[in-house]
Amino acid sequence: MEVFKVATDSLLTQLKERFQTEDLSMLRAMSFFSPTALLSEKQVATENDIRVMCDFYGIDTQTVITELSEFRH
């Protein structure tokens with residue numbers, strides 16, 4: 001488990017060094033739509049989590065949150 005934590009910390013540090021804050025926000029928002037996240041009850045997106053992506057694509061954040069919730073049930 002310790003190796004995993006170190007590797008994850010290293011990966012996050014490298015991402016922060018290589019990408020702009022906006023890019024990281026978009027990647028974080030997109031992660032809520034990965035197959036693993038879509039099938040997980042634990043990873044629930046909030047409006048703030050996906051706002052950057054919704055704004056970029058011009059879609060309503062609350063609508064996406066509602067549809068994600070309906071998909072999981």
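## From a buried threonine to the surface

Leaving aside its neighbours within four places in sequence, T61 is in contact (heavy atoms within 4.5 Å) with E47, I50, R51 and C54. The model is a predicted one, in which local features need pLDDT of at least 70 and side-chain atom pairs count only at pLDDT 80 or more, while totals for chains, interfaces and linings use all residues. Residues are numbered from 1 along each chain as its sequence is written, and side-chain values use heavy atoms, with hydrogens and water left out.

T61 belongs to helix α5, which covers residues 61-72; helices are DSSP runs of H or I with at least four residues, numbered from the N terminus. With a relative accessible area of 5%, T61 is buried. Here buried means under 20% relative accessible area, exposed over 50%, and partly exposed in between, with a 1.4 Å probe and protein chains only.

Two of the residues that T61 touches, I50 and C54, also appear in the largest nonpolar core. Such a core is a set of buried Ala, Val, Leu, Ile, Met, Phe, Trp, Tyr and Cys residues joined through side-chain atoms within 4.5 Å. This one has 11 residues: M26, A29, F32, L38, A45, I50, M53, C54, V64, I65 and L68. Helices α2, α4 and α5 each supply at least two residues of this core. L38, one of its members, is in contact with F32, F33, L68, F71 and R72 when neighbours within four places in sequence are left aside.

The other two contacts of T61, E47 and R51, form a salt bridge with an N to O distance of 3.8 Å. The rule requires a side-chain nitrogen of Lys or Arg within 4 Å of a carboxyl oxygen of Asp or Glu, and by it the count comes to 1 salt bridge. Because R51 and E47 are 4 residues apart in helix α4 (residues 47-57), about one helical turn separates them. Both are partly exposed, R51 at 33% relative accessible area and E47 at 30%.

The structure also holds 1 aromatic pair. The ring centres of F56 and Y57 lie 4.9 Å apart and their planes stand at 85 degrees, so the pair is edge-to-face. Rings of Phe, Tyr and Trp (its six-membered ring) pair if their centres lie within 6.5 Å; planes under 30 degrees apart count as stacked, over 60 as edge-to-face and the rest as tilted. F56 is exposed, at 59% relative accessible area, and Y57 is exposed at 56%.
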